[in-house]
Amino acid sequence: MPTAFEELAARYDAWYDSAHGRLLFALELACLRPLVPPGPGLRLEVGVGSGRFSAALGLEVGLDPARAPLRLAARRAVGAVQGAGEQLPFRDGTFAGVLFVVTLCFADDSAALLGEARRVLAPSGRLVAGVVPFDSAWGRRYETQGRAGHPFYQGARFLTLAEHRRLLTDAGFTIAGACSTLTQAPSDDPVEEGAQAGVVPGAGFVALQARVWPQV
Ligand SMILES: C[S@@+](CC[C@H](N)C(=O)[O-])C[C@H]1O[C@@H](n2cnc3c(N)ncnc32)[C@H](O)[C@@H]1O
């Protein structure tokens with residue numbers, strides 16, 4: 001069955017050009033940027049959507065189950081691949097970096113996505129997950145909007161930071177760094193704020209960087 005991301009791709013993408021979307025995108029990008037490996041080596045975003053983050057960060061490959069946003073990602077020069085994060089169509093150890101931006105909460109089996117990310121990462125690779133924790137006022141706001149029928153958020157199950165940490169550890173990762181933003185209360189008129197290194201409790205957007213446990 002087509003998802004909202006398939007059917008409403010243009011609407012999803014247009015949000016980034018609104019005043020609200022432009023500011024949140026800039027704050028989240030500033031939070032992700034210090035943690036995303038710069039290369040050399042191929043980098044993949046799983047759940048790339050219309051490719052806004054991958055294009056800005058210079059990622060080479062983006063995968064998504066939905067074809068309509070992928071077409072927009074391809075126009076932004078991201079190498080677009082249709083597929084599911086649970087079964088990545090790539091060989092073991094292909095990527096120097098794997099990125100998720102607000103995608104784990106939309107997957108039926110987020111543990112499977114992380115397992116596959118681990119498989120396709122090179123041993124020295126880095127995973128970066130940008131997440132909206134449920135234990136933040138932003139996460140709870142989106143969850144409430146989803147329950148009220150918001151076309152995108154109704155498909156999400158927001159996870160707490162502790163749940164994200166556990167999922168990463170269970171998939172064989174160790175957390176190597178973090179950055180936080182959106183420490184302000186959620187509103188329709190967000191204001192500029194800087195990204196802060198580390199996990200700030202209650203922050204509405206947290207980027208976690210993880211590396212594969214050393215093989216013994
Ligand atoms: C909130 S959007 C985020 C898109 C993009 N990362 C961004 O921040 O603009 C979530 C994306 O995850 C994708 N998605 C949902 N389930 C997925 C899965 N099992 N594997 C990979 N991507 C998935 C959706 O199609 C959607 O494009």
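## A sheet, its helices and a ligand

Strands β4 and β5 (residues 121–131) run parallel and pair over 6 bridges. Keep in mind that this is a predicted model. The two strands belong to an open sheet of 8 strands with mixed pairing. Below we go through the sheet, then two helices, then a buried leucine, then some odd backbone angles, and lastly the ligand.

**The sheet as a whole**

- Reading across the sheet, the strand order is β3-β2-β1-β4-β5-β8-β6-β7.
- What stands at the edges of the sheet? It's β3 and β7 (196–197), each with a single partner strand, so one side of each has no neighbour in the sheet.
- As background, strands in a sheet pair through backbone hydrogen bonds, and they can do that in a parallel or an antiparallel way.

**Strand β4 and its partners**

- β4 covers residues 95–101, and 6 of its 7 residues are buried, so the rest of the structure largely encloses this strand.
- With β5, one pairing to look for is V101, whose bridge partner is G130.
- β4 also runs parallel to β1 (residues 43–46), and 3 bridges join these two strands.
- Here you can spot E45 standing opposite L99 of β4.
- Follow the chain from β4 through helix α6 (residues 110–120) to β5 and you've traced a right-handed β-α-β unit.

**Strands β1, β2 and β3**

- Are the residues on the two faces of β1 buried or exposed? They're buried on both: R43 and E45 sit on one side, L44 and V46 on the other.
- β1 pairs with β2 in the parallel sense, over 3 bridges.
- In that pairing, L44 has V61 of β2 as its bridge partner.
- To get from β1 to β2 the chain passes through α4, and this β-α-β crossover is right-handed.
- β2 in turn runs parallel to β3, with 4 bridges joining them.
- L63 is a good place to look, since it stands opposite V81 in β3.

**Helix α5**

- Helix α5 spans residues 67–75, and its buried residues are P69, L70, L72 and A73.
- Look down the axis of α5 and these buried residues fall within an arc of 155°, so they line one face of the helix.
- A handy rule: an α-helix has 3.6 residues a turn, so residues three or four places apart point the same way.
- What covers the buried residues of α5? The cover includes α1 (4–7), α2 (9–15), α4 (52–57), β2 (61–64) and β3 (79–82).

**Helix α6**

- The buried residues of α6 are S110, L113, L114, E116 and A117.
- Seen down the axis of α6, these fall within an arc of 160°, so they too line one face of their helix.
- They pack against β1, β4, β5 and α8 (161–170).

**A buried leucine, L57**

- You'll find L57 in helix α4.
- L57 has 20 other C-beta atoms within 10 Å, and a residue counts as buried at 20 or more, so L57 is buried.
- Leaving aside residues up to four places away in sequence, L57 touches L32, R33 and V36.
- L57 and P37 are 20 residues apart in sequence, and in space their C-alpha atoms are 9.5 Å apart.

**Odd spots in the backbone**

- The usual picture is that most residues other than glycine have a negative phi, and most peptide bonds are trans.
- Where is there a cis peptide bond? One joins G39 and P40, with omega at about 5°.
- P40 sits in the loop between α3 (19–32) and β1.
- A77 isn't a glycine, yet it has a positive phi of about 70°.
- A77 is in the loop between α5 and β3, and it is exposed, with 12 other C-beta atoms within 10 Å.
- V102 is another non-glycine residue with a positive phi, near 50°.
- V102 lies in the loop between β4 and α6, and it is partly exposed, with 19 other C-beta atoms within 10 Å.

**Around the ligand**

- Which residues come nearest to the ligand? Of the 21 residues around it, they are F5, G47, G49, G85 and V101.
- V101 also showed up earlier, as the bridge partner of G130 in β5.
- Sorted by class, the shell around the ligand has 13 nonpolar, 5 polar and 3 charged residues.

Terms used:
Residues numbered from 1 in each chain as written. Predicted model: local features only at pLDDT ≥ 70, side-chain atom pairs only at ≥ 80, totals over all residues. Near = placed C-beta within 6 Å. Nonpolar A, V, L, I, M, F, W, Y, C, P; charged D, E, K, R; others polar. Arc of directions from axis to C-beta. Contact = placed C-beta atoms within 7 Å. Pairing = 2+ DSSP bridges. Right-handed = clockwise from strand over helix to strand, strands pointing away.
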